[in-house]
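Please read the following report alongside the sequence and the coordinates. It moves from model confidence to the nonpolar cores and then to selected loop and helix residues.

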Amino acid sequence: MIGRRQTGHLLFAGSIVLATWCAAGTATAADFLLTSSAFKDGTPLAVKNAGNNKANPNSVGENVSPPLSWSGAPEGTKSYALLMFDPEGRGGLGVSHWVAYGIPVSVTGFGEGETSKPSDKYVGGKSTMGLANYFGPCTPAGTGYHHYTFTLIATDLEPKALQPGLTREEVLTALNGHTKSATGLVGLFTRP
């Protein structure tokens, strides 16, 4: 016969097992992660990832976008937005290098060079340079390392909810009240 005290212990142990089992199938904000096989968070990007505008002496690369992948989408995610921003650019005013959104939840990354051109895997926004696709660092000489911040935002919006051509600021305004979580990755770059 089980006593009252033993019953309480069994109920407590059962509730822990049930909570652990339920939590195992649900991603949390801490599980949402953006990574790259080409660089680790807080380390330099390759020269090939830099911009290739021949009219700009600070564009010393090939404009090959780095590979990016993500996992652990929060429950209820319907699409993603992916932004690349250089906060030190333009003397601290910042440069938006890439604005992409409407990325379907079925997409879990982009291969190397895949976002250097428009793609049907995302809706292209409008960067500071007026582009709808990735454009790499063009760090001016003598300014040291800039922090190129990739921010992936999980949203509850359908992939086609936002029109093409939105700026970073317009996307952030449109996402207000529709975000599930965000994760980031920083690549450093200085002119070699």
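The paragraphs below describe a predicted model, beginning with its confidence scores.

Across the chain the pLDDT averages 89, and 85% of the residues score at least 70. Residues 4–25 stand apart from this description, since their pLDDT stays under 50, and for this stretch the model has three contacts beyond four places in sequence. Where pLDDT is low, the predicted coordinates should not be read in detail.

The largest nonpolar core is made up of 23 residues, and those with the most contacts inside it are Leu34, Trp70, Leu82, Trp98, Ile103, Phe110 and Phe150. Two or more residues are given to this core by each of strand S3 (68–71), strand S4 (79–86), strand S5 (95–104), strand S8 (146–155) and strand S9 (179–189), with S8 providing the largest share, four residues. A second core, separate from this one, has 11 residues, among them Ala81, Val99, Val123 and Ile153.

Tryptophan 70 shows how such a core residue is surrounded: once neighbours within four places in sequence are set aside, its contacts are Leu33, Leu34, Tyr80, Leu82, Ile103, Val107, Thr108, Gly109, Phe110 and Leu152.

Serine 116 and asparagine 63 can be considered together. Serine 116 belongs to the loop between strand S6 (109–110) and strand S7 (123–124), whereas asparagine 63 belongs to the loop between strand S2 (43–44) and S3. Beyond four places in sequence, serine 116 is in contact with Asn63, Val64, Ser65, Asn133 and Tyr134. A polar atom of the serine 116 side chain also lies 2.9 Å from the backbone nitrogen of serine 65.

Two residues other than glycine have a positive phi, and they are set out here with their relative accessibility.

| Residue | Phi | Relative accessibility |
|---|---|---|
| Asparagine 63 | about 60° | 9% |
| Arginine 90 | near 50° | 51% |

Asparagine 63 counts as buried because its relative accessibility of 9% falls under the 20% cut-off. Arginine 90, which is placed in helix H2 (residues 89–92), counts as exposed because its 51% is over the 50% cut-off.

A further loop residue is serine 106, which lies between S5 and S6. Is serine 106 buried or exposed? With a relative accessible area of 64%, serine 106 is exposed, because that value is over 50%. Its C-alpha atom is separated by 8.8 Å from the C-alpha atom of lysine 78, although the two residues are 28 residues apart along the chain.

Terms used: Residues are numbered from 1 along each chain as its sequence is written. This is a predicted model: local features need pLDDT of at least 70, side-chain atom pairs count only at pLDDT 80 or more; totals for chains, interfaces and linings use all residues. Side-chain values use heavy atoms; hydrogens and water are left out. A polar contact is a pair of N or O atoms within 3.5 Å; within protein, one must be able to donate a hydrogen and the other to accept it, and residues adjacent in sequence count only if both atoms are side-chain atoms. Contact means heavy atoms within 4.5 Å. A nonpolar core is a set of buried Ala, Val, Leu, Ile, Met, Phe, Trp, Tyr and Cys residues joined through side-chain atoms within 4.5 Å. Buried means under 20% relative accessible area, exposed over 50%, partly exposed in between (1.4 Å probe, protein chains only). pLDDT is the predictor's confidence in each residue, from 0 to 100.
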